[in-house]
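Got the viewer open? Here is a walk through the model, one selection at a time.

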Amino acid sequence: MLRFFLKRCLAMIPVLFVVSVLAFAFVHLLPGDPARMMAGPDADVATIEAFRQQLGLDRPLPEQYVRYIGKLLVGDLGISLRTKIAVFDEIALRYTPTMVLALCGMAWSVVFGVLFGAIAAIHSGKWQDYTAMLVSVSGISVPQFWLGLLLIQLFAVYLGWFPVAGYSGKWQELVLPSLTLGATVAAIMARFTLSAFLEVLGEEYISTARAKGVRERLVMWKHAFRNALIPVVTMIGLQFGFLLGGSVVVETVFAWPGLGRYMIEAVGVRDYPVLQALLLLYSFHFVFINLVVDMVYALINPEIRYE
Amino acid sequence: MEHNVVSPFDLFWHKFKKRRTALVAAVFIVLLVVVAVFAPLFAPHDPMATDYAQSMQPPSFEHPAGTDVYGRDILSRIIYGSRISLAVGFTSVLVGALVGVTLGLISGFFGGFLDGLIMRTSDVLFAFPGILLAIAIVAILGPGLVNVVVAVSVFSMPTFARIVRGSTLGLKETLYVRAARSVGASRRRLMFVHIMPGTLSGVIVYFTMRIGTSIITAASLSFLGLGAQPPTPEWGAMLAESRDYIGVADHMTLFPGIAIFLTVLFFNLFGDGLRAALDPKLK
């Protein structure tokens, strides 16, 4: 297991390298002069030159890259062009709300997704199956920002059960945004659980259990459900990245003080150091999540370890 | 005794028509395309004509989906908006498919270093949620519909490449490809004439499934202010405009959303049907 873990960590290095090069290149991919971009639209020549010197943009690219990585290692992500505050501090402020939202969304989607998928599998071919799958395909087809607006309309404006938007740490504020965020993934999970479940139901040990007279309910929940959950667990990890992406839209709808909305604001005002840092941060999360998924998979499926 | 010849199309049709929902979805997609193409014939009003006396009117006989803040007819804007959503959805997937299929063919056919390079790059793209990748691309290229098409097509590429690479690996060892090679067919001919047609069923299924996702992503980008800009009648942009009037003019939120939802739903149902009929693994 340890060997597999180390091997998997080593394999991450080239990916992280590519990601860091891309994040570094981001500023240079922008059309025009990065120093001028950084200095802002109404900067004079002297200011632009000062920026160029300060950012080291007059140095050769490889040297710039090494300096960039050196700064990253000490947590220096640059200064926000808009607020003149260190990007690291700006991000630290918004990190927790985004993670709370994503984890909560994940919880909804696991509960609803697995439940719907399991119901559809147990009642395969009956109305429960069709209803669950209709709800699921609808969940995949509904745009998150629209679902968010509808939920606000119904539960915040008309029924007044939950606040319209914003987040100050109260659980009531978390309900609508996390439901919105979790809806699509719940639909994906339901489909995935259904197919995993149906596959398990075709296994011989299920026939054996039935043949020896185990009650159907017990066959479903003890023999089939548990084994069907194994692929679902890895799916949870993979979908977490999708949730982080979706949080950009959901945070904008609910005025959520997180990284996603911050990213959209940064695009709007062309705050490039912030964008660069956020892209890097998100990428690191995805690489890390993939590592965790692989490890969990190796834990529950020994065949992978000895490959 | 008469011997029935069953063409691949007959086989496909036999399976496809058993999926009632997919058949219904196909009919709706055709209708939608007709409405989009002949938008001026179907739209009751000019989608851009403002009338401040008619601001935010609820649905009526004159305006079946009501009017927006500027008194523009929402139904007409939705009808014209279908042109944008269908065109953006279709073009971005088409571009993604053309590039992805070519890369997949190269990757599977040549193997070695090229294969490694293409597949590792698509791994990195794959790990990134589409919407974030699209935002990064729009941040570089600037907002606008054309850049949205570019952004959305980039994140369709890796999956097309993977699907095609997989089938290419199998097809290049088949007898008919080896026979073509032995009579001196060029590599390009082998790839595009002999191998590519065999990979297309997977490509077509994914193509349909992807249109729905692309329409949602493009609408999301417009909603975030990164795609179509007002006063363009785009569904996502219309919903962004409706945000400030929740509880005041709910029809502004309701109808453009229904348009996106149904369009995407029909493409997804159609794609499911195609997969059931074309995927050899789901017999």
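**Stop one: an exposed alanine**

Keep in mind that this is a predicted model. Start by selecting A:Ala255, which is exposed because it has 12 other C-beta atoms within 10 Å, and 12 or fewer is what the exposed class asks for. A:Ala255 sits in the loop between α10 (216-253) and α11 (259-268) of chain A. Check its backbone while you're there: phi is near 50°, a positive value in a residue other than glycine.

**Another positive phi**

Now jump to A:Lys84. This residue is not a glycine, yet it has a positive phi of about 60°. Buried or exposed? A:Lys84 counts as exposed, since it has 7 C-beta neighbours inside 10 Å. You'll find A:Lys84 in the loop between α4 and α5 of chain A.

Stay in that loop and pick A:Gly75, which lies between α4 (61-73) and α5 (87-122) of chain A. A:Gly75 is exposed, with 11 other C-beta atoms within 10 Å. For a quick distance check, draw a line from the C-alpha of A:Gly75 to that of A:Ala86: the two are 11 residues apart along the chain and separated by 10.0 Å.

**Zoom out to chain A**

Show chain A as a cartoon. How many helices and strands does chain A have? There are 13 helices and 0 strands. The C-alpha trace of chain A spans about 85 × 55 × 30 Å along its principal axes. Of its 307 residues, 36% count as buried. If you like contact maps, take the contacts in chain A with a separation of 6 or more: residues 24 or more positions apart account for 71% of them.

**Colour by domain**

Give domain 1 (2-73) and domain 2 (95-300) of chain A their own colours; these bounds come from the domain assignment. The centres of the two domains, taken over C-alpha atoms, are separated by 34 Å. Where they touch, 13 residues come from domain 1 of chain A and 11 residues from domain 2 of chain A.

Which elements should you select on the domain 1 side? Those giving two or more residues there are α1 (2-29) and α2 (34-39) of chain A. α1(A) gives the most to that side, with 10 residues. Colour the domain 1 side by class and you get 12 nonpolar, no polar and 1 charged residues.

**Into the core**

Next, look for the largest nonpolar core, which has 146 residues. The residues with the most contacts inside this core come from both chains: A:Met189, A:Met263, A:Leu275, A:Leu278, B:Ala134, B:Ile135 and B:Val138. Which helix gives the most to this core? Select α8 (residues 172-201) of chain A, which supplies 15 residues. The core also draws at least three residues from each of domain 1 (2-73) and domain 2 (95-300) of chain A.

One of those well-connected residues, B:Ile135, makes a good bridge to the next stop. Leaving aside residues up to four places away in sequence, B:Ile135 touches A:Val248, A:Met263, A:Val267 and B:Leu226.

**Where the chains meet**

Select the contact between chains B and A: 32 residues from chain B and 36 residues from chain A. On the side of chain B that touches chain A, the elements giving two or more residues are α5 (112-127), α6 (130-141), α10 and α12 (251-278) of chain B. The largest share of that side, 8 residues, comes from α12(B). By class, the chain B side divides into 22 nonpolar, 8 polar and 2 charged residues.

**A helix pair in chain B**

Hide everything but α8 (residues 157-171) and α10 (residues 187-223) of chain B. Their axes come within 9 Å and cross at roughly 145°, and the crossing is right-handed. To see the contact itself, show side chains on both helices. On α8(B), pick B:Thr159, B:Phe160, B:Ile163, B:Val164, B:Ser167, B:Thr168 and B:Leu171; these meet B:Ile195, B:Gly198, B:Thr199, B:Gly202, B:Val203 and B:Tyr206 in α10(B). The residues of this contact divide into 7 nonpolar, 6 polar and no charged.

**Last stop: a cis bond**

Follow chain B to B:Pro231, in the loop between α10 and α11 (235-242) of chain B. What kind of peptide bond joins B:Pro230 and B:Pro231? The bond is cis, with omega about 10°.

Definitions and conventions. Residues numbered from 1 in each chain as written. Chains lettered and ligands numbered in written order. Predicted model: local features only at pLDDT ≥ 70, side-chain atom pairs only at ≥ 80, totals over all residues. Helix = DSSP H or I, 4+ residues; strand = E, 2+ residues; numbered from the N terminus. Buried ≥ 20, exposed ≤ 12 C-beta atoms within 10 Å, placed from the backbone. Axes fitted to C-alpha atoms, helices over the stretch in contact; angles between N-to-C directions. Left-handed = near helix turned anticlockwise from the far one by under 90°. Contact = placed C-beta atoms within 7 Å. Nonpolar A, V, L, I, M, F, W, Y, C, P; charged D, E, K, R; others polar. Core = buried A, V, L, I, M, F, W, Y, C linked by C-beta atoms within 7 Å. Domains from an automatic or database assignment.
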